[in-house]
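Colleague: I am new to this structure and would like a close look at a single part, the surroundings of the ligand. Could you take me through that site with care, and then set it within the rest of the protein?

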Amino acid sequence: MTGIKDNLQKIKSSLPKHVTLVAVSKTKPVSDLQEAYDAGQRVFGENKIQEMVAKYDALPKDIQWHMIGHLQSNKVKYMAHFVDLIHGVDSFKTLKEIDKQAKKHGRVINCLLQARIAKEETKFGLPFEEIEEILASDKLKELKNIKIVGLMGMATFTDNQEQLQDEFSSLSNFFSKNQKNYPDLQTLSMGMSGDYQLAIENGSNMVRIGSSIFGVRNYIA
Ligand SMILES: *Cc1c(COP(=O)(O)O)cnc(C)c1O
């Protein structure tokens with residue numbers, strides 16, 4: 001009794017229409033993903049490239065695969081032929097590598113720049129100023145095989161609603177402000193199992209939900 005289907009239906013029915021649900025399936029077996037697929041889910045998020053490739057090979061080809069983890073540039077090549085959206089881009093160097101690999105496959109790969117919103121030191125991501133620098137840079141225009149379609153953020157792992165509210169609203173405000181100059185910015189990826197309602201209240205239109213769908217993970221990912 002896994003309850004994946006029930007969990008999915010419950011979450012889906014609670015999401016506003018404009019919010020995309022990324023089912024975060026990292027560490028979970030292919031059979032769990034198949035169950036979610038059979039229940040209608042088509043967007044899956046993984047945080048390790050090799051694991052995502054193995055699941056891509058094993059599952060139906062109409063799944064949209066999102067890479068949500070921290071990226072190692074040297075592994076981008078393994079997913080460049082199929083990845084649908086890369087959430088965690090946090091350097092120009094990585095953008096360049098994604099562009100290079102996408103070009104080999106004649107594709108344009110959609111990317112989100114990861115913003116640093118958590119106050120804790122350990123989180124990845126770019127400060128807002130650096131995101132603006134990248135968006136404004138001439139060298140970005142040379143990268144024809146990537147498209148920056150939005151921003152992603154991870155809040156601090158905390159129950160403190162006020163702090164979460166602060167972190168989400170700061171990214172949401174920054175996103176709205178930049179949308180005026182960069183109309184390609186359409187996706188704001190923020191919110192996980194513990195905090196997605198608050199993220200949506202603060203303007204998120206893409207949530208990454210793992211444990212509330214698939215149950216707790218058995219090992220650290
Ligand atoms: C694991 C992970 C999630 C999902 O976390 P849950 O708390 O299980 O919903 C979302 N985003 C990223 C970047 C993750 O690594």
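Modeller: The residues around the ligand are V24, K26, I68, M152, M154, M192, S193, R208, I209, G210, S211 and R217, and please keep in mind throughout that the model is a predicted one. By character, this shell divides into six nonpolar residues, three polar ones and three charged ones.

Within the shell, some polar contacts can be described atom by atom. In the side chain of K26, an N or O atom is 2.6 Å from an oxygen atom of the ligand. R217 also takes part through its side chain, where a polar atom lies 2.8 Å from a ligand oxygen atom, whereas G210 contributes through its backbone, with an N or O atom that lies 2.8 Å from an oxygen atom of the ligand. As for how much of the ligand is covered, the ligand taken alone exposes 390 Å², and the protein buries 90% of that.

Turning from the ligand to the protein around it, you will find nine helices and eight strands. The C-alpha trace spans about 55 × 45 × 30 Å along the principal axes of the protein. For 221 residues, a compact globule would have a radius of gyration near 17 Å, and the protein agrees with this because its own value is 17 Å.

One further feature may help you find your way, namely the second largest pocket, which has a volume of about 250 Å³. It is lined by 14 residues, of which L135, L140, I148, Y182 and D184 are the closest to its centre. The elements that give two or more residues to this lining are α6 (138–141) and β6 (146–153), and β6 gives the most, with three residues. The lining of this second largest pocket divides into eight nonpolar, two polar and four charged residues.

Technical notes. Residues are numbered from 1 along each chain as its sequence is written. This is a predicted model: local features need pLDDT of at least 70, side-chain atom pairs count only at pLDDT 80 or more; totals for chains, interfaces and linings use all residues. Side-chain values use heavy atoms; hydrogens and water are left out. A residue is near a molecule or strand if one of its heavy atoms lies within 4 Å of it. A polar contact is a pair of N or O atoms within 3.5 Å; within protein, one must be able to donate a hydrogen and the other to accept it, and residues adjacent in sequence count only if both atoms are side-chain atoms. Accessible areas come from the Shrake-Rupley method with a 1.4 Å probe; for residues, only the protein chains shown count as cover. Ala, Val, Leu, Ile, Met, Phe, Trp, Tyr, Cys and Pro count as nonpolar, Asp, Glu, Lys and Arg as charged, and the others, Gly among them, as polar. On a 1 Å grid over the protein atoms alone, a cavity is a set of points where a 1.4 Å probe fits but cannot get out, and a pocket is an open set with protein on both sides within 12 Å along at least five of seven lines; lining residues have an atom within 4 Å of a point. Grid points are joined across faces, edges and corners, and a volume is the space filled by probe spheres set on the points. Helices (H or I, at least four residues) and strands (E, at least two) are DSSP runs, numbered from the N terminus. The radius of gyration is taken over C-alpha atoms; the globule rule is 2.2 Å times the number of residues to the power 0.38.
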